[in-house]
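Biologist: Could you take me through one part of this chain up close? I'd like to see how two of its helices sit against each other, and then what lies around them.

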Amino acid sequence: MSQLQTTNQKLKELFRKSIDSIVGIARFKLVRYEPYKDYRNYIPFQSTLKAATEAGLSVGDYIDSYTNVKGTTQKTLIHMKELGVFDDRIERFCEIGPGTGRYLEKVIQISQPDYCEIYETAKDWEAWLVQKYNVIAQPADGTSLAKTPSNSIDLIQAHKVLSGQPTLVICSYLGEMTRVVRERGKVVFDVVTEDCMDDETLHKWWASGWGYQHYPCMMPKRFVIDFFKKRNFSLGGSFILPMKPGKTECFVFIKAK
Ligand SMILES: C[S@@+](CC[C@H](N)C(=O)[O-])C[C@H]1O[C@@H](n2cnc3c(N)ncnc32)[C@H](O)[C@@H]1O
């Protein structure tokens, strides 16, 4: 770093501290935008693309290999298939929080839907997905699927999204998913249930220091199953997946006729 850059850096820091102390009097603090300290942002866009290219992998495979447990994406798809998610033709598909699109990409490959839409709060990833997969980006308000008509979707999924939301937002998205799916349509999502939070795992979360904001937000399994039953869905099944340093439970629900 040159002397000029160092001086600039120091001046910026001094300026920030002065502003902080001024607004501190009013009991506020300026918070700088920090990607992925807020769950509604996602991993940095440019550097992730660069790292994936350097590793010679697709972005989805890069994420699967480097940021969590390798093979989880494929394992999830295999379980979804076993639980009948792809048994019927999927014409209309929706995903909440696709991020890099690693699950979206696989569903498109398997089922070739005529129509795909996403609700994604990270603007850079949203734009990239639109360009790469020709999906419709619906305005994501962070809690609803307001632009999607009721009973219109054959498959809706949300992977590793709800575990970072507060309880009421999780419930809002669950309710919205039950609304937009048509008869015999499937809802697939994961949440951190009590089965994912044994003592050993809890200690791993504490030791890792990886939790932040609402993440990981625990959602009772009994509540989830009852919620869907009351809305005329049957449980296709569930399976536990690794979500470092812990686990998450993925559910498949099917809307009755
Ligand atoms: C941990 S990432 C998972 C991304 C992807 N589903 C995967 O498993 O690789 C969470 C994703 O959900 C998005 N997200 C976070 N909060 C959201 C919300 N309230 N509504 C819609 N998307 C959200 C983030 O921008 C990010 O893309």
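**A close look at H7 and H9**

Modeller: Sure, let's start with the residues that touch: Cys171, Leu174, Gly175 and Thr178 on the H7 side meet Phe223, Phe227 and Phe228 on the H9 side. Sorted by class, that contact has 5 nonpolar residues, 2 polar ones and no charged ones. Bear in mind that this is a predicted model.

Now for the geometry. H7 covers residues 167–180 and H9 covers residues 221–230, and their axes come within 11 Å, crossing at roughly 30 degrees. Angles under 35 degrees count as roughly parallel, so H7 and H9 are roughly parallel to each other. As for the hand, H7 passes H9 in a right-handed crossing.

Let's look at Thr167, which belongs to H7. Is Thr167 buried or exposed? Neither, quite: its relative accessible area is 38%, so Thr167 is partly exposed. Leaving aside residues up to four places away in sequence, Thr167 touches Cys217 and Met219. There is also His214, which is 47 residues from Thr167 in sequence but 8.7 Å from it in space, C-alpha to C-alpha.

That stretch of chain has a cis peptide bond too. It runs from Tyr215 to Pro216, with omega near -5 degrees, and Pro216 sits in the loop between helix H8 (199–208) and H9. A further cis bond joins Lys244 to Pro245, with omega near 5 degrees; Pro245 is in the loop between S6 and S7.

On the other side of H7 in sequence, have a look at the loop between S4 and H7, where Lys160 lies. Phi of Lys160 is near 60 degrees, which is positive although the residue isn't glycine. Lys160 has a relative accessibility of 16%, so it counts as buried. Asn151 also has a positive phi without being glycine, near 50 degrees. Asn151 is placed in the loop between strand S3 (136–137) and strand S4 (153–158). With 46% relative accessibility, Asn151 counts as partly exposed.

For contrast, here are two other helix pairs. H2 and H3 pack at about 90 degrees, their axes 9 Å apart, so these two are roughly perpendicular to each other. Thr48, Leu49, Ala51, Ala52 and Ala55 are what H2 brings, and they meet Val59, Tyr62, Ile63 and Tyr66 in H3. By class that comes to 8 nonpolar residues, 1 polar and no charged.

H4 and H5 have axes 10 Å apart and an angle of about 45 degrees, so this pair is oblique. Their crossing is right-handed. H4 makes the contact with Thr72, Thr73, Gln74, Thr76 and Leu77, and H5 with Arg102, Tyr103, Lys106, Val107 and Ile110. Here the classes come out as 4 nonpolar, 4 polar and 2 charged residues.

Those helices lead us to the cores. The largest nonpolar core has 30 residues, and Phe86, Trp125 and Leu155 are the ones that touch the most other members. Which elements give two or more residues to this core? They are helices H2 (45–55), H3 (59–66), H4 (72–82), H5 (102–111) and H6 (123–133), along with strands S2 (115–119), S6 (233–243) and S7 (246–255). H6 provides the largest share, with 4 residues. Phe86 is worth a click: beyond residues up to four places away in sequence, it touches Leu77, Met80, Lys81, Val107, Ile110, Ser111 and Leu155. Leu77 and Val107 turn up in the contact of H4 with H5 as well.

Then there's a second, separate core of 29 residues, and this one brings us back to H7: Tyr173, Leu174, Val181 and Val191 are included in it. Leu174 is also one of the H7 residues that meet H9.

Zooming out to finish, the protein chain has 9 helices and 7 strands. Of its 257 residues, 45% count as buried. And if you take contacts between residues at least 6 apart in sequence, 70% of them join residues at least 24 apart.

Terms used: Residues are numbered from 1 along each chain as its sequence is written. This is a predicted model: local features need pLDDT of at least 70, side-chain atom pairs count only at pLDDT 80 or more; totals for chains, interfaces and linings use all residues. Side-chain values use heavy atoms; hydrogens and water are left out. A nonpolar core is a set of buried Ala, Val, Leu, Ile, Met, Phe, Trp, Tyr and Cys residues joined through side-chain atoms within 4.5 Å. Buried means under 20% relative accessible area, exposed over 50%, partly exposed in between (1.4 Å probe, protein chains only). Contact means heavy atoms within 4.5 Å. Axes are lines fitted to C-alpha atoms, for helices over the stretch in contact, and angles run from 0 to 180 degrees between N-to-C directions. Angles under 35 degrees count as roughly parallel, over 145 as roughly antiparallel, 65 to 115 as roughly perpendicular and the rest as oblique. Ala, Val, Leu, Ile, Met, Phe, Trp, Tyr, Cys and Pro count as nonpolar, Asp, Glu, Lys and Arg as charged, and the others, Gly among them, as polar. A crossing is left-handed if the near helix is turned anticlockwise from the far one by less than a right angle, and right-handed if clockwise.
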